[in-house]
Amino acid sequence: MSHTAEPILHIPETVREDVLAYREKVAAFLRGESNPTAFKAYRVPMGIYEQRTDGRFMVRVRLGAGLALPHQLERIAALSRAHGNGVLHVTTRQDIQIHDVPIDDTPDVLEGLLDAGISSRGGGGNTVRNVSACPRAGFCPHERFNVAPHAISVAEYLLQHRSSFNLPRKYKIAFSGCGTDCALASVADLGFFAQIRNGVPGFRVFAGGGLGGNPRGGIVLEEFIPSAEAVEVAEAVRRVFDKNGDRTNKNRARLRYVLNRVGEEEFKRLYREERAALQAEGLPGHPPGIRDLDLRFGPQSSDSAGTAHRVEDGLSHLVWPEKTPDRVTLRLPLPLGDISADDLELIAHLAAKHGLGLVGATQQQELLVYGVRRAELPDALNLLHETIAFASFRKSRPRVVACAGASTCKLGLCLSRGLAAAISAEFDAQDVAGGAEAPVIRISGCPNSCGGHPIGAIGLEGRAQRHNGRLMPVYVVLGGGVVSEDGARLAQPLGTVPAKRIPELLASALKQGATGTEALRRLVAEHAVVPETLPEEFYFDFGADVPFSLAGRGPGECGAGVFDVVQLDIREAASALKSAKTVVDDRVRSEELYRALLAAARSLLVIFGVEVSKEHLIFETFDRELIAPGWVSAGARDVINEALDWRLGGQTKSLAHRAEDIGALVARITDLFGSLDANLKFRLTALAAEPPSATGSNPDQAAARADLSGVTCPMNFVKAKVALEKIPVGAVLEVVLDDGEPIQNVPGSLAEQGHEVLSVAPFEGRHLLRVRRAK
Amino acid sequence: MKLTVNGKVTETEAPALGEFLAEQHVKSPDQVSIELNGRILRREEYGGITLSEGDQIEFFYFMGGGRGTH
Amino acid sequence: MELTDLQIERYSRHIILEQVGLAGQERLLAARVLIVGAGGLGSPAALYLAAAGVGTIGIVDADTVDITNLQRQIAHRTADLGREKVLSAAEKMVAINPDITVNTHRLFLQADNITEVIADYDFIIDGTDNFAAKFLINDACHFSRKPYVHAGILRFEGQMLTVLPGETACLRCVFGGPPPPGAVPSCSQAGVLGVLAGVLGALQATEAVKHALRQGELLTNALLKYNALDLSFRRVPLRRNPHCPLCGDAPTIGELHDEALPLCDLKETRP
């Protein structure tokens, strides 16, 4: 069967021009005429990412609404074989990635794609990313109407504007065809849910959702818009984002931070303002029409209606019903989203021969072949037998979705793909059944939720923990995440389990049916308990042959995993200091002081990407990274030298006289840690750069300030107390308080607890309280 | 004779601790520790203690944690 | 240790207290408390200490949850029947407060392992149900100089005593040693008002929190007697006993040993 070669998503002329100009940009770069940073800024929005392996690149091909034609897949397969490693990767946003392409080959790949009517433009960077849709749009018996044409139309509209490639951060749009939210619209920057109101097809619209660091569900932006307005809404939200997104801080640039910053009401007002302007001016550019995909790929005349064919034993999980009884969708679960070029070609062939000539990529990293004739199902399945991946297709297992993980991502803490493989192996070993009811397991290698763990029925978030002084990969297990047209509910953390115990935990959970939050919580608690001594393998991540370490990890979107590890050490230092104060025996006291010093010195090293375990190396590195640049006073060197001397049985017989110095060092380290920003830079100034007066505790130097506007009683009092305890005794704190209850209560309460209230004065419509810490 | 037993004033005719224990239904001295006027008595002393008006007696019983089964 | 905003909110009702504040809450988070027994006394103690943000809580118990436990051992639910008590309790504790670390010790404390277990903790709560364990804890805390709080319950009455070893009166100062087998009809001591365990366990937790905060006065050199029927609390002053076999002037106990258990105890704690 042959269909016209007309692509699903029509590539706008501007994109075509940019792709064709790319070859010269690469050439200029290779000639050394442009610097790597400038070239990267050009390359990434083109959907081309550098891999961890030097000199190799990944090209992310966007598929409109996740749909591709057989000849397009064949082209992708051929390009991968010719220029890459012959393995394709289906992403959770319905793209297909070609890996291991040398930079010189990238223009050939881009032009080869363009020739087949597809493109990677906007596959990465601060751009309008792939506009995704229900993976079964047009075929799902439950959908309200086919949302794919609307997703495509929005994508075609936004892609034609070059401004769509220079946004504050990425802009992800999704369309769901019913309330089940297979497209994850409730956690997208902009999400559309199909609704039919009084016979009019339209959408309920969500905005400001997002996974990544600080995930949140979107808010309802519009209860209902007629479907024809989707493009205008997408453009209006793009403008709100463009004007209000924080370009200065990549980590707080996504649309949800605009929403968090201005609040829901103001966010909606900004949106309505943009819409009004668009309605007054008209949409700029060429608003594309809605091309009826149902007409093109929809129910054909039944050619073999009514013939029921038995699906081969054990393969029924590969077959999904469609709206028309004589056709089905073939569902091919790809392990970790990977598929060989040969298999991809074979599937393209299968779609052309037995289906409607249309293939879809799903958010769960599957490929779908639509409209396979029931009558031809045995032939189609026979063809599948020839794929390399058949062994994994034939097994019905719960879906495991993972981010790329630490192997290719600089932010990742844990090797999430290694874990995913281990989970699948455990499911095989224990014969854990999949099926439509089985929960989807979502794995992210770090707190940035690229694997979508906050919306997993079961989510796993990679972390690092110290155990017996060594780092151990662990996962926070989350449960109960839900997406729907009533909004998303993010999964709740249930406990932290060593990575090596996760596969067994999940197999037990699924076999016992213990996947509800409470039942899962119990299982997690059992697996969370860690005995004193653990087998050696617990300190190795999956597929790693060296012990788990954080060395070389860069600052993440929030660096949260790194923060955890630093905190563990600081806690240890504090507890050692504390016990040094209580013990009587001088030898024990010295041991505790040494332990405090060592933990304090080690704590911040991970943020410099250093992971050392030998004690003298810890101190050496500490000296280099923290003492030499002036973050810690140079006096720390004497303390360390004496401590090492004591440790090695030298002249120093006790560290008791250094208790105060070590306490001060721990305090300084704690302060430095508290001042880390999202880029893992200290906000405190280095001592060397500090004016001498700032180090003293001149009480009138003052000016620590706590802005407690909007904070109600008694939290304002709590926060004022916390702020007071952070300044030295005798220093002054300024507290901004609201009128009414706050100003009536907080000064008196602070005075009652012995602090000296110096003044209360009107301040920008509020009150400014000055109080001196008394004890 | 009035004694203060476990904080309560108690009237007794028992002249000595041994008789008083019997009156209080303490079957075996092993069941109880006794503080007399602020001093813990050794068990072997119980037989030889005579009581006087106003003595303060405190009984301490062995207490476990509440048995569950059986 | 820097508290997050969420932690500041979680512990706000502590932080408001003048005697606690941020520093006090940080002390709690740095504190390490061991609860021996995840039963009637241990349950409320464990839940309150978890809620309070005691950073590291150890819990020791070798038993599994039995239907007769549920009348008073509030860390366990009907659905937990047959599960290890330490896991059942740890799960509830972490559910209340994911900030804390719970170490579970599924074992029966004996002379040869108790020193090692208590070594990691700053304060011990005796929530055991048998005399052998109670005296073993008393002795081990003495030798390791660990402060601990004893409690016992019987029918409608409870008692409690906090011991700073070497400084204040210990359990052996009062009782000398466990009753000889048969002297106390331990098999008939099964009756106990469930809520009694809650009152005493919560009081033990109070001592642990005060110790971590270094606030107030511990219940030392005094034995608290509680009678639920007339709802009376009495604090009976004690002194260290010069005849105490453990901490007296001429001690006879120089090392740890396991006391004999009455038959009923044997059946229950060593299934």
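**Helix α13 of chain A**

I began with helix α13(A), residues 502-512 in this predicted model, and looked up which of its residues are buried: I502(A), P503(A), L505(A), L506(A), A507(A), A509(A) and L510(A). I then followed these buried residues outward and found that they pack against two helices, α12 (416-430) and α14 (517-528) of chain A, and against the strands β17 (441-444), β18 (458-467), β19 (470-479) and β20 (492-498) of chain A. Just past the end of α13(A), I noted that G513(A) takes a positive phi of about 70 degrees.

**The five-stranded sheet of chain A**

Next I traced an open, antiparallel sheet of five strands in chain A, whose order I wrote down as β1-β2-β5-β4-β13. The edges are held by β1 (48-50) and β13 (338-340) of chain A, and each of these has a single partner strand, so one side of each is left without a neighbour in the sheet. From one strand to the next I recorded an average twist of 30 degrees.

At the β1(A) edge I checked the pairing with β2(A), residues 56-62, which is antiparallel and runs over three bridges; here E50(A) stands opposite F57(A) of β2(A). I then asked which helices pack on the sheet, and noted two, α3(A) and α4(A). Helix α3(A), residues 70-83, touches β2, β4 (87-90) and β5 (95-102) of chain A, and its direction makes about 20 degrees with that of β5(A). Helix α4(A), residues 106-115, touches β1, β2 and β5 of chain A, with about 15 degrees between its direction and that of β2(A).

**Backbone exceptions**

I kept one general expectation in mind while looking at the backbone: most residues other than glycine have a negative phi, and most peptide bonds are trans. Against this I set the peptide bond from C713(A) to P714(A), which is cis, with omega near 0 degrees; P714(A) sits in the loop between β21 (704-707) and α21 (715-725) of chain A.

I also entered two asparagines with positive phi. For N6(B) the value is near 50 degrees, and this residue lies in the loop between β1 (2-5) and β2 (8-11) of chain B. For N221(C) the value is about 50 degrees, and the residue is found in the loop between α9 (194-213) and β7 (222-227) of chain C.

Are these two buried or exposed? N6(B) has 16 other C-beta atoms within 10 Å and therefore counts as partly exposed, while N221(C) has 17 within that distance and is also partly exposed.

**Chain B as a whole**

I counted one helix and five strands in chain B, and read their succession from the N terminus as β-β-α-β-β-β. Of the 70 residues in chain B, 26% are buried. Among contacts in chain B with a separation of 6 or more, I found that 56% join residues 24 or more positions apart.

**Confidence**

I closed with the scores of the prediction, which are ipTM 0.82 and pTM 0.57. Chain C has a mean pLDDT of 89, and 92% of its residues reach 70 or more. Where in chain C is confidence lowest, and where highest? The lowest mean, 37, belongs to helix α10(C), residues 263-269, and the highest, 98, to strand β4(C), residues 123-126. Over residues 262-271 of chain C the pLDDT stays under 50, and for this stretch I noted 18 contacts beyond four places in sequence in the model.

Technical notes:
Residues numbered from 1 in each chain as written. Chains lettered and ligands numbered in written order. Predicted model: local features only at pLDDT ≥ 70, side-chain atom pairs only at ≥ 80, totals over all residues. Pairing = 2+ DSSP bridges. Helix = DSSP H or I, 4+ residues; strand = E, 2+ residues; numbered from the N terminus. Axes fitted to C-alpha atoms, helices over the stretch in contact; angles between N-to-C directions. Contact = placed C-beta atoms within 7 Å. Buried ≥ 20, exposed ≤ 12 C-beta atoms within 10 Å, placed from the backbone. pLDDT = per-residue confidence, 0-100.
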